[in-house]
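Thanks for coming. I will go through a few strands and a few side chains, and then stop.

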Amino acid sequence: MGGLVCFSVFSSAFASGFSTSKSFLWSGSQNHFEGVGAKGNVEIFERIGNLVFGKDLSLPLYVVFNSQNKVVSPHLGRGWRLPLFESTIVPNNENSYKVNMPDGRVLFFRQSNQNKDKFIASSVWSIIRKKDSFLVKSIDGIELTYRKGRLEKIEKDGKRIFFTYQEGRLVQLADDSS
């Protein structure tokens, strides 16, 4: 069984200032009040560091806690999520999909009127449904590939990170050089 790539944990203040043109960047979820979700539940959304794959490639790492979340994370337990490791796509209904994004956001994509295999969440994100996979794309050039409902690959600017699962649990992250 492969191990997870090593990463450095930084303080929230330092991590929130992280940016480079060659990294995968997302913006975090926004709450109405610090620590309180839209429905009054306790909610924590924290960037805890970056997974560093090499000189020019890293991913932000977030943890999310919601007191109303009854789902049990295989990595952190009840109420917690480690979005990068648990990113999924699931049908919402026959004309839409729900994507648990690697940065902790949840996006809903509705079917395009012009193409039955295209789904749109916003002017930034869209999905192309393929025979055995889904390609989630941003206008910024980020591409997320999902197979069997799980995140399999992240790609941007020709750099790729691959996700390997065993028994439904993420066991390895690897870039092109691994």
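Strands β14 and β15, residues 159-166 for the latter, pair in the antiparallel sense, with four bridges between them. This is a predicted model, so please keep that in mind throughout. One of the residue pairs here is K156 with its bridge partner K159 in β15. The two strands make a hairpin with two residues between them, and in that turn D157 has a positive phi of about 50 degrees.

On its other pairing, β14 goes with strand β13, residues 143-147; these two are also antiparallel, and five bridges join them. T145 has K153 in β14 as its bridge partner. β13 and β14 again form a hairpin with two residues between the strands, and here K148 takes the positive phi, near 50 degrees.

So how covered is β14 itself? It spans residues 150-156, and five of its seven residues are buried, so "mostly covered" is a fair label under the cut-off of under 20% relative accessible area.

Now to the other hairpin I want to show. Strand β2 pairs with strand β3, residues 57-66, in the antiparallel sense, and the pairing runs over ten bridges. Two residues lie between β2 and β3 in this hairpin. Within it, N50 has P60 in β3 as its bridge partner.

Stay on β2, residues 43-54, which contains R47. Which side chain of opposite charge is nearest to R47, and how far away is it? The nearest is E46, 9.2 Å away, and R47 has no salt bridge although it is buried. A salt bridge would need a side-chain nitrogen within 4 Å of a carboxyl oxygen, so a distance of 9.2 Å does not qualify. What R47 does have is a polar contact of 2.9 Å, side chain to side chain, with N50. That is the N50 already mentioned as the bridge partner of P60.

Last item, the surface. V42, I44, L76 and W80 form a nonpolar patch there, and together they have about 310 Å² of accessible area. Of these, W80 lies in strand β6, residues 80-81. Is W80 buried or exposed? Neither label applies: its relative accessibility is 30%, and therefore W80 counts as partly exposed.

To recap the three parts: β14 pairs with β13 and with β15; R47 is buried without a salt bridge but contacts N50; and W80 belongs to a nonpolar surface patch with V42, I44 and L76. I can take questions now.

Note on methods
Residues numbered from 1 in each chain as written. Predicted model: local features only at pLDDT ≥ 70, side-chain atom pairs only at ≥ 80, totals over all residues. Heavy atoms only, no water. Patch = residues over 30% accessible without salt bridge, like charges linked within 9 Å, V, L, I, M, F, W, Y side chains within 5 Å. Areas by Shrake-Rupley, 256 points an atom, 1.4 Å probe, with all protein chains shown as cover. Buried < 20%, exposed > 50% of the residue type's maximum accessible area, 1.4 Å probe, protein only. Lys, Arg positive; Asp, Glu negative; His and termini not counted. Polar contact = N/O pair within 3.5 Å; in protein donor to acceptor, adjacent residues only side chain to side chain. Pairing = 2+ DSSP bridges.
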